[in-house]
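Here are my notes on this model, point by point. Please read them with the coordinates open.

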Amino acid sequence: MLKIHHLGHSQSERIVWLCEELGLPYELVHYTRDAVTRLSPPELKALHPLGAAPVIEDGDLLLAESAAIVEYIIARHGGGRLKLSPDHADYAAFLYWFHFSNGNLMPVLGRMMVVNRAQLPADHPVQQNAQVRLDRVLALVEARLGEAPYLAGQEFTAADVMSVFSLTTMRLFQPLDLAPYPNIRAYLQRIGARPAYQRAMAKGDPDLVPMLD
């Protein structure tokens, strides 16, 4: 059975959600952030050198990095579900949006979080550049979700599993006003209605009301 090492309020919610969508059995080991620093506890550092989550155990295998874990679970335990095949019309879109989550969306939000904590003036070039980049990324997601109900197209896929954290729980660390993005908000409502997502959030972060508005 898979063992998921899950840090509350973190990207490891993706792995809990993925297993719920695939109907896979798993053992959940829960870790809590330090109340002051918001950093992960030393138990995660003892498990993996980076001290971050998610980390999974599958027999003798220890694997970190959420995107790698998602691909591994789909290939080894999910029968290829939630991943489009190369002959699918939306295969390229699936690849793009799957990698967009950690290639653009999360880095841009992380950069904005750091810049905001530096308390730079609003007209500072670094502050302005970070905001422009964030606006562009959100506008791209908004446009895509105006074209299709899910990021890869008509089907819910692992691209959505990878992306939703950045638009929801990440807002605990970097607030986002989604009022200007009706397509994103409608998308999050579709996600929030999925029973697997509801189960995952209840198990992984029972103290958190999913941020779907």
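1. Start with Lys-3. This is a predicted model, and in it Lys-3 has a relative accessibility of 25%, so it counts as partly exposed. Its salt-bridge partner is Glu-57, with the closest N and O atoms 4.0 Å apart. The cut-off for a salt bridge is within 4 Å, so please treat this pair with that limit in mind. Glu-57 comes out at 24% relative accessibility and is therefore also partly exposed.

2. What does the Lys-3 and Glu-57 pair tie together? Lys-3 sits in strand β1 and Glu-57 in strand β3, so the bridge joins parts that lie 54 residues apart in sequence. The two strands are also paired directly: β1 (residues 2-7) and β3 (residues 55-58) run antiparallel over three bridges. Within that pairing, Ile-4 stands opposite Ile-56 of β3.

3. Now the sheet as a whole. It is open, has four strands, and follows the order β2-β1-β3-β4. The pairing is mixed. At the edges are β2 (26-31) and β4 (61-64), each of which pairs on one side only. On average, neighbouring strands are turned by 20° against each other, direction ignored.

4. One helix deserves a look next to the sheet. Helix α3 (residues 66-76) packs on it and touches β1, β3 and β4. The direction of α3 makes about 130° with that of β4.

5. Which charged partner is nearest to Arg-33? The nearest side chain of opposite charge is Asp-205, 7.6 Å away. Arg-33 is buried and has no salt bridge. The cut-off is 4 Å, so a separation of 7.6 Å does not qualify. Arg-33 belongs to the loop between β2 and α2 (42-47).

6. The side chain of Arg-33 does have backbone oxygens beside it. A polar atom of this side chain lies 2.9 Å from the backbone oxygen of His-9. For the backbone oxygen of Gly-8, the distance to a polar atom of the Arg-33 side chain is 3.3 Å. Beyond its neighbours within four places in sequence, Arg-33 is in contact with Leu-7, Gly-8, His-9, Ser-10, Arg-38, Leu-39 and Phe-173.

7. Back to the salt bridges. The count comes to six. One of them joins Glu-20 and Arg-199, with the closest N and O atoms 2.8 Å apart. This pair links distant parts of the chain: Glu-20 is in helix α1 (residues 13-22), Arg-199 is in helix α8 (residues 195-204), and 179 residues separate them. Buried or exposed? Glu-20 has 9% relative accessibility, so it counts as buried. Arg-199 is partly exposed, with a relative accessible area of 37%.

8. Arg-144 and Glu-147 form a salt bridge within one helix, α5 (residues 125-147). The N to O distance is 3.2 Å. The two residues are three apart in sequence, so about one helical turn separates them. Arg-144 counts as buried, at 14% relative accessibility. Glu-147 is exposed, with a relative accessible area of 58%. Elsewhere, salt bridges with shared partners join Glu-20, Arg-199 and Lys-203 into one network.

Terms used: Residues are numbered from 1 along each chain as its sequence is written. This is a predicted model: local features need pLDDT of at least 70, side-chain atom pairs count only at pLDDT 80 or more; totals for chains, interfaces and linings use all residues. Side-chain values use heavy atoms; hydrogens and water are left out. Two strands pair if DSSP finds at least two bridges between them. Axes are lines fitted to C-alpha atoms, for helices over the stretch in contact, and angles run from 0 to 180 degrees between N-to-C directions. Contact means heavy atoms within 4.5 Å. Buried means under 20% relative accessible area, exposed over 50%, partly exposed in between (1.4 Å probe, protein chains only). Lys and Arg count as positive and Asp and Glu as negative; His and the chain ends are not counted. A polar contact is a pair of N or O atoms within 3.5 Å; within protein, one must be able to donate a hydrogen and the other to accept it, and residues adjacent in sequence count only if both atoms are side-chain atoms.
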